[in-house]
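The following exercises are to be worked through with the sequence and the model at hand, and each is followed by a solution that goes step by step.

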Amino acid sequence: MFYRLFFMRTLATTPATPYFILPETPAAACLHYLRHHGLTTRNELVTRTGFSQPTVTRAVTALIQAQLVQERPDLIFSSGPGRPRVPVELAPSPRLHVGVSIFAHEYFVGYFDTKGRTVRHRQVPYTLSRTTPEKLWEHISTSIHLTGSSLGLPIANIGISTIGTVDDQGTVTMPLPGWGTINCTEKLLTEFGAPVSVADIATSLAAAELFSAPTGPVPPTLVLVADDTFATIVDGVAAPIKSTQPTTVQALIDAATPVVHEANIQRIILAGASFVRDQDLRSHVGQKLSTSGKDTIELRLIPERELEM
């Protein structure tokens, strides 16, 4: 059993470029709030995002012009003196987002709308050890085309979650003999004309945890994917730091314990087949790491089916 450690910290403590951060610009913050809360007013966005009224007004106008948000004059309401307020909500998606999850014996392709809902999804049995990197990306490109062939909407971006490790340039190192490093971003960007981002599975799960929180900060969180990667969420910034590759359960615990202490981890998420299928393993690792922290730590297991998409 092999593990890799990725520790996501604040920009102040590492020069690494973060893979994922919470929305910071006014338009991104407004869109994030609308994704989670739906119909709302500009005044509510001012309150929830902390930006000024003129800033939120400009941000909402830009989102409307980008066809990501629409006004609902049919739901206009008045709450006292002044002009009636026209609420806004997410518009029907003008573009779709593609997600690809790569595992050792299969991969998944999904199309998602602006809200994050699955539009179409395909599971593809495909054993990586029996193919080559070039054939894998050709196969994935074909599956992306086939999955979205009749949807009639352009692709906004492509996100890839994969086994192995990923550096700051999106280069993947697969745990397979003879594969070496792989850079798929240029090929997919050329073929689909959409931005491409790549992350390891643990970092992708950490990002999903980060963006699924509708309001408030996400507590410091450690994500451990058995046989693959570590990641954590600290201060809403994802910046992986490569560490040792433990090959035993005790080595895994020894490698993770300093992270739990240093980042004051409050939540541990276990994922991957080894943890899902072996209750004794997850209980042992969870118990050792939970008791190594300063405070009470929440422990959660992600079922295999939720790793697919």
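**Exercise 1.** In this predicted model, determine how helix α1 and helix α2 are oriented toward one another, and list the residues that make the contact.

*Solution.* Begin with the geometry: helix α1, residues 26–37, packs against helix α2, residues 42–49, at an angle of about 105°, and their axes are 10 Å apart. Because angles from 65 to 115 degrees count as roughly perpendicular, α1 is classed as roughly perpendicular to α2. Next come the residues: α1 contributes A29, C30 and Y33, while α2 contributes E44, L45, R48 and T49. Sorted by class, this contact of α1 with α2 holds four nonpolar residues, one polar residue and two charged residues.

**Exercise 2.** Establish whether C30 and C184 are buried or exposed, and state how many disulfides a search of the whole structure finds.

*Solution.* C30 has a relative accessibility of 0%, and since buried means under 20%, C30 counts as buried. C184 is likewise buried, with a relative accessible area of 0%. For the second part, recall that a disulfide is a covalent bond between the sulfur atoms of two cysteines. The search of the whole structure finds zero disulfides.

**Exercise 3.** Describe the surroundings of T221, starting from the strand in which it lies.

*Solution.* T221 belongs to strand β11, which covers residues 221–225, and T221 is buried at a relative accessible area of 0%. A polar atom of the T221 side chain lies 2.6 Å from the backbone oxygen of P219. Finally, T221 and I265 are 44 residues apart in sequence, yet their C-alpha atoms are 5.5 Å apart in space.

Conventions:
Residues numbered from 1 in each chain as written. Predicted model: local features only at pLDDT ≥ 70, side-chain atom pairs only at ≥ 80, totals over all residues. Heavy atoms only, no water. Helix = DSSP H or I, 4+ residues; strand = E, 2+ residues; numbered from the N terminus. Buried < 20%, exposed > 50% of the residue type's maximum accessible area, 1.4 Å probe, protein only. Polar contact = N/O pair within 3.5 Å; in protein donor to acceptor, adjacent residues only side chain to side chain. Disulfide = S-S within 2.5 Å. Axes fitted to C-alpha atoms, helices over the stretch in contact; angles between N-to-C directions. Parallel < 35°, antiparallel > 145°, perpendicular 65-115°, else oblique. Contact = heavy atoms within 4.5 Å. Nonpolar A, V, L, I, M, F, W, Y, C, P; charged D, E, K, R; others polar.
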